[in-house]
Amino acid sequence: MAHTVHIEPFDIDISAEDNASLAEIVNGLGIDFPCGGKGLCGNCHIELVKGTMEISAREKALLERKGLDSSRWRLACCGRITDDIVIRIPVREQVILTDDSSSRLYGEDGLAAAVDLGSTTIVVQLIDRKNGAVLESFSEINGQNVFGADIISRIAYALQGPEYSERLALTVREQVGRMAGDAVKASGRDDIRNVTIVGNSVMHHLFCKLDVTPLSAYPFLSPYNGRMEFTPSELGWNLPETCTVRFMQNISHFVGSDILAGILHTGIHRKDRWCALLDLGTNGEIVIGNRERILCTSTAAGPAFEGVNIVNGMRAVSGAVCRIDETSGKAEIIGNTRPSGICGSGLIDAIHYFLKTGRITPDGRIADDSPGRLEIAGGVALYDRDIREFQLAKAAVATGFELLMKHLGISLTDIDKIYIAGGLGNYIDISKARETGLIKAIGNSQIVKAGNSALAGCKEMTFSASDREIEAILPLVSHYSLETDPDFQDRYCENLFF
Ligand code: FES
């Protein structure tokens, strides 16, 4: 028996089989699944306006802990459709970092689409290759979110069987194809020459339907790191068949083409002096190089900066605490609304503030008599285990950075610029990131916020003129495995302290 799900505020009706998953129905409509749909974080709440939907005691408790009336609210990841229902999705202001600058390259014919395929967000931009201008820009939450909040849980999901990896591939292929198609349609032109995609190595494997088993266990070496090409019809996309779709090559296992694009855009491979590129996400990717040599690594930083595994964690959407005033301790909330959680930049600020006021000790314990929590605003708090998650993440990043420098035989004073890439890098307070030990730098002037360097580099990659430059970068780059470094354990333990 089928049921109708009416979704507000979009005013759409979806027909659902009896017992269908609500998460799959609302996926892609702006709902966030920070804990990967495990029913742990309570942040995927939707309002049940009409009809019935069962609720478990655990779901009820979680909703009530968030101050939400369980007679009216449900968790999308727990819901099953057993009735005709009307639901309302809370519209949240999304903060997705794009890059509206024109490409450095120009003078080629036709249109191209540049795609930054992140684990959390997807940005598609349509470029006029004649002048390098951005014609259209679309960004959305990655629809795979409902199957796992971070790349580790996506790998685990894919490994359950071929139909699971197929579902992940189809979800993201359909989403990127739709976004690229919409962008072309909006431009009123049809002369698109290529769609160029960059992303981390897990997104590369999942999109291209490559086996992720090698990425799931030591030594994490995948034989499938190359550039992959498709025709639109192979992907089921509604684009001219003369358009080439390319997923750019990974630099190594766990260092993907998003970092290759970052190198291309920041021009590290053209610099005389050493420069670094730091991308903070589930995997903290670190690159240090110059025109002669580029060394890169990835650290298991964990998804703490994306709000995952943080008790009140959430992405940078409305309701998230994103800043804390240094003096007053007052929280700034995205969208100026009721606080419902804390995002990556808010987490760094909170740790910094409580360290400065002596409420967190240098070894990461809560110094107060308070029972393992520090109130931030409106019921949003920092817990013991959040501090631990932050310590693990910052120790991983700081140790990776130190060991790359050691391997190159250089020190911080030899580094001219440290480019911080990505959404978090763009919003963090650099001084606080330094003072908590997350970013190693001599002073703030050494640090450059590079914005969405993956997208900016990807736009350059849509031009055939960039091919030669990419060919020049690749032989310079080598990967350094931190786990083989004899100093790793000692440095990591030391970097856990504040
Ligand atoms: S509770 Fe649904 S995603 Fe976390």
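Let's start with Gly 307 and its contacts: setting aside residues up to four places away in sequence, Gly 307 touches Gly 313, Met 314 and Ile 342. Please keep in mind that this is a predicted model. Where along the chain is Gly 307 found? Gly 307 belongs to the loop that links strand 16, residues 294-299, with strand 17. Buried or exposed, then, for Gly 307? Gly 307 has a relative accessible area of 3%, and the cut-off for buried is under 20%, so Gly 307 counts as buried. From Gly 307 to Ala 320 we step 13 residues along the sequence, and from C-alpha to C-alpha the two are 9.7 Å apart in space.

Ala 320 takes us to the next stop, strand 17. Strand 17 covers residues 320-324, and four of its five residues are buried. Which strands sit beside strand 17 in its sheet? The order is 18-17-19, an open sheet of three strands with mixed pairing. Strand 18 and strand 19 are the edges, and each has a single partner strand, so one side of each has no neighbour in the sheet. Helix 8, residues 344-356, packs on this sheet and touches strand 17 and strand 19. The direction of helix 8 makes about 45 degrees with that of strand 17.

Let's take the two partners of strand 17 in turn. With strand 19, residues 341-342, the pairing is parallel, over two bridges. If you want to find the place on your screen, look for Ala 320, which stands opposite Gly 341 of strand 19. With strand 18, residues 331-333, the pairing is antiparallel, over three bridges. Here Ile 324 has Ala 331 as its bridge partner, and Arg 323 stands opposite Glu 332. How many residues lie between strand 17 and strand 18 in their hairpin? There are six, and in the turn Gly 329 has a positive phi of about 80 degrees.

Now for another sheet, which includes strand 16, the strand before our Gly 307 loop. Six strands make up this open sheet, in the order 23-22-14-15-16-24, and the pairing is again mixed. Its edge strands are strand 23, residues 447-451, and strand 24, residues 477-479, each pairing on one side only. On average, neighbouring strands of this sheet are turned by 20 degrees against each other, ignoring direction. Inside the sheet, strand 14, residues 274-279, and strand 15, residues 284-289, run antiparallel and are joined by five bridges. One spot to click on is Cys 275, which stands opposite Gly 289 of strand 15.

Let's turn to a helix. Helix 7 runs over residues 257-266, and nine of its ten residues are buried. Among them are Ser 257, Asp 258, Ile 259 and Leu 260, as well as Thr 266. A handy reminder for reading any α-helix is that there are 3.6 residues a turn, so residues three or four places apart point the same way. Just after helix 7 comes Gly 267, with a positive phi of about 75 degrees.

Next, let's zoom out to the domains. The domain assignment of the protein chain gives domain 1 as 2-88 and domain 2 as 111-260. Taken over C-alpha atoms, the centres of domain 1 and domain 2 are separated by 28 Å. Each side brings nine residues to the contact. What area do domain 1 and domain 2 bury between them? About 720 Å², with 53% of it on carbon and sulfur atoms. The rule finds one salt bridge across this interface. As for salt bridges, have a look at Arg 167 and Glu 24, whose side chains meet in one at 3.9 Å, N to O.

My last stop is Asp 99, in the loop between strand 7, residues 85-88, and strand 8, residues 111-117. Why does Asp 99 count as buried? Its relative accessible area is 15%, and buried means under 20%, so Asp 99 falls within the cut-off. Leaving out neighbours within four places in sequence, which residues is Asp 99 in contact with? They are Gln 125, Val 134, Asn 452, Leu 455, Ala 456 and Lys 459. Try selecting Asp 99 together with those residues on your own screen. Thanks, everyone!

Terms used
Residues are numbered from 1 along each chain as its sequence is written. This is a predicted model: local features need pLDDT of at least 70, side-chain atom pairs count only at pLDDT 80 or more; totals for chains, interfaces and linings use all residues. Side-chain values use heavy atoms; hydrogens and water are left out. Buried means under 20% relative accessible area, exposed over 50%, partly exposed in between (1.4 Å probe, protein chains only). Two strands pair if DSSP finds at least two bridges between them. Contact means heavy atoms within 4.5 Å. Axes are lines fitted to C-alpha atoms, for helices over the stretch in contact, and angles run from 0 to 180 degrees between N-to-C directions. Domain bounds come from an automatic or database domain assignment. Buried area is the accessible area (1.4 Å probe) that two parts lose on being put together, summed over both. A salt bridge is a side-chain nitrogen of Lys or Arg within 4 Å of a carboxyl oxygen of Asp or Glu.
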